[in-house]
Structure formats: C-alpha cells, structure tokens
Amino acid sequence: MVSFDTVSHDHLIRFLEERIGDKRVLRVIRKWLKAGVVKDGILAATEIGTPQGSVISPLLSNLYLHHVFDTWAHEWRQVAGRGRMIVVRYADDTVCGFEREADARAFLEELKARMEQYGLALHPEKTRLIEFGRHAAENRAQRGLSKPETFTFLGFTHICGRSRGGKFLLVRKSRRDRMRNKLQEIKTQLRRRINDSIPEQGRWLASVVRGYFAYHAVPGNSPVLKAFRYHIVVMWQRLLKRRSQRTTINWESGAMTRLAGQWLPMPRVLHPWPNQRFAVKHPR
C-alpha cells in the first residue's frame, strides 16, 4: 500500500510522454495536475501528488506504479533474484512471494529506496514480511512457533490450510469487517424499500446476493457465503414483521424459508481453484 500524495509531477509527465505523442493531451494532464485543491474554502496549489478523488487519478497512479514498481520488479527478478518469485499487484495493493527469505529481505530494502526515489512511501503498518506457503507450518513448528500468519488481499484473508488428505491448501475467506459493512449497507437500503411489494424486494435482494457471490464464491469460502445469505434472510424477515405485525411469513410456519428459497440463490462455488485456472491459461 502506497500513498500518492507526494507523486512527482516531473516523473509522471516523463512516463506519460513515453506512451502519449499528442502534446495537447499532455498539456491537459499538466493542467489537471496543477488545478489545485479546495480546503476550508481556500484554493491551494498542487505541486506534487495526483488529484485524489478525480476520475483520472486511478489511471495516473496505475501508470506511475507500472514504471516505478512493475518494470523494476521484473528486472530485479531477472538480475538479483536467486530463487523463484511471484508478484501480484492490483492498483496500490501488492503481494510478493519469494522462495528464499534472503531474496524477500533484499527486495524489500531496495523497494523502499526505489519508492523514496520517486516520491512514494510504503505503508508502515501494512508492509510486512511473513513466512507463508507449503512448508511454513512445518518449519515454524520445528522452531517452536505458532501457526503461520495470515494476510489480507483484495477483500480476502489468506490462510495456510490443509486439505482432507493433509496436503497444503491455500484457504481464502472473505474479510469479516468487509462483510459486516456490506450487510449494514444492505440493511439501510432495504429499509428504504419497506413499502415495496415482496416480489420487488425479492428481485432486489436476489441481485444483491448474486453480486456478492460472483466475487466471493471461491473454493473454501462456502461457510461465509452461507452466513451472508442467512443474515440477508433474517434481515428480510424482520423487515416484513416490522411492516406488519400480523404477517404470516415467519420461521415457525416455514413460510420464510420457502420465500427465501423462491427468491435468493443458494450458496455455491463459482470459481475454480487457482491451480486449475493456471492450468487452463498455461497448458503443460
């Protein structure tokens, strides 16, 4: 995680010039960068940083990181790396995996210097080295340490797990805080629909549940999917009871279960295991 409040405009424009030949487009971007920000009613000039909150900020930040991080990491892997290495970056969130601990420590130190060179800084609380992977649990147990640490990335907590056969298994679970926030958001929106008909509420809730499953329905995450759907059903039943104290839609009669079964999709895994997806894209 990095901050883009200190991005160098000179470096950014130089990166843009490598991709954009139209001087008029570059001139517009320069004006965008120096448009300034209004704070407490006062316009302040911006000599560094990208315009946070603007539509172009994610694009400029991603391009900046491509030159500052992506290309450099690729070269570092070829020149300085001694073992296997993998890098996954989405916007300003990055996870790097190393076969050798020495590579990980060397990469982190050089990355800090690289970021400082281009006016960026790693997040002090979210940047850390952990022992993770196929042999992490066994190695830590031999040293008398506890289970391997977990890490969060793109809304999932990644855990070193075991399959039923005892083999290493990467377990991904949706972050609890993110799910709580999502449920609270749905609850607020559902209250605004208290006077809608049951079919209208059902169609809307079905779209919400399908949207959540479309991203979170990864292997190993079924308990979270079931919990999410359960909370939606409970939320819906309470809303119907609040709307009419004489409603016959309740748990005792089984009416609520039938109503949920009619409108809300059941939890099921929609995405393959990572190794299956890799095999499809990179056949051996």
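Biologist: In this predicted model, which residues does F228 touch, leaving out those up to four places away in sequence?

Modeller: F228 touches M179, K182, L183, I186, V209, Y212 and F213. Each is listed because some of its heavy atoms lie within 4.5 Å of F228.

Biologist: What makes F228 stand out in the largest nonpolar core?

Modeller: That core has 27 residues, and F228 is among those with the most contacts inside it, along with I186, L205, I232 and L264. The elements giving two or more residues to the core are α6, α7 (198-216), α8 and α9 (255-263). The largest share, nine residues, comes from α8.

Biologist: What lies apart from this core?

Modeller: Another core, of 26 residues, lies apart from it. L65, M85, M115 and L120 are among its residues.

Biologist: Why is M115 called buried?

Modeller: Its relative accessibility is 3%. The cut-off for buried is under 20%, so M115 counts as buried. M115 lies in helix α4 (residues 101-117). M115 and V7 are 108 residues apart in sequence, with 9.9 Å between their C-alpha atoms.

Biologist: And why does F151 count as buried?

Modeller: F151 has 17% relative accessibility. The limit is under 20%, and F151 therefore counts as buried. F151 lies in strand β5 (residues 151-153).

Biologist: Which residues is F151 in contact with, leaving aside neighbours within four places in sequence?

Modeller: They are V95, R128, I130, F132, F156, T157 and H158. For one of these, R128, the C-alpha to C-alpha distance to F151 is 9.5 Å, at 23 residues apart in sequence. A contact requires heavy atoms within 4.5 Å, so the C-alpha distance does not decide whether F151 and R128 are in contact.

Biologist: What lines the second largest pocket?

Modeller: The lining consists of L183, K187, L190, R191, H231, V234, M235, R238, L239 and R242. Two elements give two or more residues to it, α6 (176-191) and α8 (222-243). The largest share, six residues, comes from α8. About 250 Å³ of space lies in this pocket.

Biologist: How many residues of each class are in that lining?

Modeller: Five are nonpolar, one is polar and four are charged. H231 is in the lining and counts as polar, because His is not among the residues named as nonpolar or charged.

Biologist: Which elements have the lowest and the highest mean pLDDT?

Modeller: Strand β2 (residues 42-44) has the lowest, 55, and α7 the highest, 96. The chain averages 86, and 88% of the residues score at least 70. Local features need a pLDDT of at least 70, and the mean for β2 is 55.

How values were computed. Residues are numbered from 1 along each chain as its sequence is written. This is a predicted model: local features need pLDDT of at least 70, side-chain atom pairs count only at pLDDT 80 or more; totals for chains, interfaces and linings use all residues. Side-chain values use heavy atoms; hydrogens and water are left out. On a 1 Å grid over the protein atoms alone, a cavity is a set of points where a 1.4 Å probe fits but cannot get out, and a pocket is an open set with protein on both sides within 12 Å along at least five of seven lines; lining residues have an atom within 4 Å of a point. Grid points are joined across faces, edges and corners, and a volume is the space filled by probe spheres set on the points. Helices (H or I, at least four residues) and strands (E, at least two) are DSSP runs, numbered from the N terminus. A nonpolar core is a set of buried Ala, Val, Leu, Ile, Met, Phe, Trp, Tyr and Cys residues joined through side-chain atoms within 4.5 Å. Buried means under 20% relative accessible area, exposed over 50%, partly exposed in between (1.4 Å probe, protein chains only). pLDDT is the predictor's confidence in each residue, from 0 to 100.
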